[in-house]
Number of protein chains: 4
Amino acid sequence: MANKTPASDTLKGFTSPRTPKGTSGIVAPPPWHYVGQVTAIEFEADGEKIAPYLPAPMQMESTQCCVYFIEWQYTSETTEDYLDPVESQYRETILLMSGSYKGEAMAYCPFIWVDQDKALMRGLIQGWPKQLGSTHMSRSYALESKAAPTGLSAATLSVNGERYMAGRVQVHEADANMPAPSFAGSALVRYFPDLVKGNHQQPLVHELVQLKSRDVQISKVAKGEAMLDFTVMADHELSDFSPKKVLAGYRFQVALTVDDLKPLTKL
Amino acid sequence: MANKTPASDTLKGFTSPRTPKGTSGIVAPPPWHYVGQVTAIEFEADGEKIAPYLPAPMQMESTQCCVYFIEWQYTSETTEDYLDPVESQYRETILLMSGSYKGEAMAYCPFIWVDQDKALMRGLIQGWPKQLGSTHMSRSYALESKAAPTGLSAATLSVNGERYMAGRVQVHEADANMPAPSFAGSALVRYFPDLVKGNHQQPLVHELVQLKSRDVQISKVAKGEAMLDFTVMADHELSDFSPKKVLAGYRFQVALTVDDLKPLTKL
Amino acid sequence: MANKTPASDTLKGFTSPRTPKGTSGIVAPPPWHYVGQVTAIEFEADGEKIAPYLPAPMQMESTQCCVYFIEWQYTSETTEDYLDPVESQYRETILLMSGSYKGEAMAYCPFIWVDQDKALMRGLIQGWPKQLGSTHMSRSYALESKAAPTGLSAATLSVNGERYMAGRVQVHEADANMPAPSFAGSALVRYFPDLVKGNHQQPLVHELVQLKSRDVQISKVAKGEAMLDFTVMADHELSDFSPKKVLAGYRFQVALTVDDLKPLTKL
Amino acid sequence: MANKTPASDTLKGFTSPRTPKGTSGIVAPPPWHYVGQVTAIEFEADGEKIAPYLPAPMQMESTQCCVYFIEWQYTSETTEDYLDPVESQYRETILLMSGSYKGEAMAYCPFIWVDQDKALMRGLIQGWPKQLGSTHMSRSYALESKAAPTGLSAATLSVNGERYMAGRVQVHEADANMPAPSFAGSALVRYFPDLVKGNHQQPLVHELVQLKSRDVQISKVAKGEAMLDFTVMADHELSDFSPKKVLAGYRFQVALTVDDLKPLTKL
């Protein structure tokens, strides 16, 4: 029995699935609010190996890279995601390299992993090349315990049951500068391929963009020594970023809001 | 020490992350090959509640819906994903409703869940509104066991630790017709929003498309009685599709290849 | 080709698997050191429904129960588990009721869930009736953010893809007393059944024990209002503990060391 | 307000948590029914390294080992677990070595991993030294697909985000003998340590037992070539079992029922 009622043209939502009430999208409309605990490790990689990861017209500024392990909590402006922590919490590993665009220093992200679909989708929309992966990082507590040695933080990344990275930071300085390259203002590539036959090389979206955030707050930055091992298999391209020299480790908190993005150039 | 070597413009890959060798993309280039075991349940939903889920100019053909629980195995043409089953296997729950486009009957997918990022990304590219969710379905074995009663299949969907659906099929007919609506040739909406301020309502990609597959094989289709409960909370829009009447249940296998998509109309 | 070398009798380890070096046991030998962040909710349950959960000769002291959601970090004395946070971190939901043993007030634990095997095994050894379940609880940050409203903590428990509990605490008092019943000195039942035919009702271990810990530290205890819903299905026995009245919510940190247990009586 | 009703002494259940109705135990009372799909790989290990893993008075029969990757479906006699596949399905990796007890050939299990708590607990009760780990193995389908090459099966084991093993089997013989050592009639050690101070070396349960099963059915056994890599870190004792020579691979199904265990000797 066919029901020929005209279908609705009023589907709502910032992302799929778009629905009549618009409350089912995988991601709520911006603004998106974030607060997170960061363990970061600066290191030098092999310039010849990593330079080709920058999309033209970006240029490499230095061989300095930084990996950020972050435990985030998120909410949108209109929903109360923080009331369901399985939806609002996620963990992330971000790899950044030091680039520039038209002479302006700008980090670039070749690889990033999160452990949750909503974070993955918000990332794709901003140009982060997100994949799923499991980040674990040790926590600090106000109480003394052998289970949480003072100032020591360990972090690991595993993807599909394989360990990719393991790092460790022992801070001894309480009020240092931020690590570099920083993820604020990173250059990213937003990208949506076309599956239509003949168009596989002509993506529907392919654009160099710059991350924008507002209401950024940073706690005091603790700094110290670090170790970082890339245990990923040698045949994975991530191994091109294997540390030649580890520089320093950091611990801090960050809060920020995202509801904008800056297009730089079509690619 | 700055390294001013011109950055590469030769990043490769069908999806992000795009890299010098092009072997790190979350999804390999098509063709994509799939084989899967399906438990499907046909049911009637409330026409007034579900009609508004169809994007204009689609129209509703009937109130008949079908939910597909599928255990898939996947490989690309050029990679040997089947050698790493954690990457090649995934489970999926697809909800389809009965629509038409310009008079041609065509299923439409309002909701779908997978348990893996590669499947999620291939889905987004085809227009499937994929989110992460956990599908479990019982398996059949050649041996008799109380742990696998003959012809009985149970399936569940949980999302973020909440049970959304539970179904059950007892087949007694060995060679039936396929369930309807069928996912072959489904209408979908590919969609990529624009985060640039002022453009939140002007997506970069917003197009009604039709799923294309080739080299489709279907096993014999077993059919029988079914039960289906939507246990999702009443305030979730999925509850608009709660079964009014369960029609029949099915078990079969399907294999297919995807490397194309048919654009229908810009939205 | 048979190798008739006499097998070793020197297998080592505090738990299975016991091995020549003794470094592969699922749990390292005590002492076990813990530090954790707690969200706790006190409530009244139905006395007639819950009294039968106490093992004789325990008696019920009151209908007051308390559920603890805890994010733990753990290390043994001899290993450096904190360097691999995927092994040292886990989350737990503990349900306690108010009992007494020979006139001494003593909490009793009818249900508990953890998300990791090492924690499950350490629990079984102490008499905790542990099962696997997913606890999520919101975190506090030093920075202000809509993603972490000041003083608000939400917590949920899901088991096998079904939501069992959801709670919320808004603290407004910074230095309160601990919630009751407290998990320090809880009565538990250690239990190991015998699978040998005819002995299914004669467990090899069946003993009422009392939890012992040392070097206990408690942070200041924040207190406030709370909500608590048991969303578990009515046919699950956990629903016997559904809150009749929610009393108060708490947030605090705890650190402690375990390497002993006090046997009370054979059951 | 104290409620002095005498507590119940009628707690029921084969395992903890034991409750008034006895329907909440992590594991239901036996009989336990199993049916599973197996990928097995026989190999030779280094006799000097593995002999010390056998508990005296067992002796080593040969250096032949076998690893079994199994996808199980389970139900108890009295519950209908197969109706909730998230509870009834699990995946397992079993490592067996060739031992003997009083002159009778008997496999022994030094290491085993499952992905679910109910399976872990049933295992501990039988003496299996179970830990949690993620087993993945490719599936066969009736339809031809590049995603499931005929006769090819891949399997992997990951534990806490680290890859421990990767195997591959290509069968070409349809009706071979079972692999050896076989898990039927394996010798195991049931073990429950005592946490009471001073007793850490005097376990409450420490006994060599022999697995018993009934109503065993085995499908035809397919056999062929195999590869097996132990990718576990060299400092993990599992590396003592690294294959010196891979012998053959197998694919078959097995069904069996367990409700008994044979004690061999106290240890």
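This passage describes the interface between chain C and chain D in a predicted model.

The contact involves 78 residues of chain C and 79 residues of chain D. Together the two chains bury about 6,600 Å². Carbon and sulfur atoms give 60% of that area. On the chain C side, C:Phe192, C:Leu195 and C:Glu237 supply 11% of the area buried against chain D. No other three residues of chain C supply as much.

Polar interactions also cross the interface. Between chain C and chain D, 22 residue pairs are in polar contact, counting pairs with both residues at pLDDT 80 or more. Several secondary-structure elements of chain C each supply at least two residues to the side that touches chain D. Among them are the strands 2 (59-76), 4 (104-114) and 9 (187-192), and the helices 2 (85-88) and 3 (117-126). Helix 3 of chain C gives the largest share, with seven residues. By class, this side of chain C has 40 nonpolar, 20 polar and 18 charged residues.

Four salt bridges link chain C and chain D. In one salt bridge, the side chain of C:Lys197 meets that of D:Asp259, with an N to O distance of 3.5 Å.

The arrangement of the copies was then examined. A turn of 180 degrees, with a shift of 0.0 Å along the axis, lays chain C on chain D with an RMSD of 0.0 Å. The two copies are therefore related as by a two-fold rotation axis. Of the interface residues of chain C, 100% are also interface residues in chain D, so the copies meet through the same surface.

Note on methods: Residues numbered from 1 in each chain as written. Chains lettered and ligands numbered in written order. Predicted model: local features only at pLDDT ≥ 70, side-chain atom pairs only at ≥ 80, totals over all residues. Heavy atoms only, no water. Contact = heavy atoms within 4.5 Å. Buried area = accessible area lost by both parts, 1.4 Å probe. Polar contact = N/O pair within 3.5 Å; in protein donor to acceptor, adjacent residues only side chain to side chain. Helix = DSSP H or I, 4+ residues; strand = E, 2+ residues; numbered from the N terminus. Nonpolar A, V, L, I, M, F, W, Y, C, P; charged D, E, K, R; others polar. Least-squares fit on C-alpha atoms with pLDDT ≥ 70 in both.
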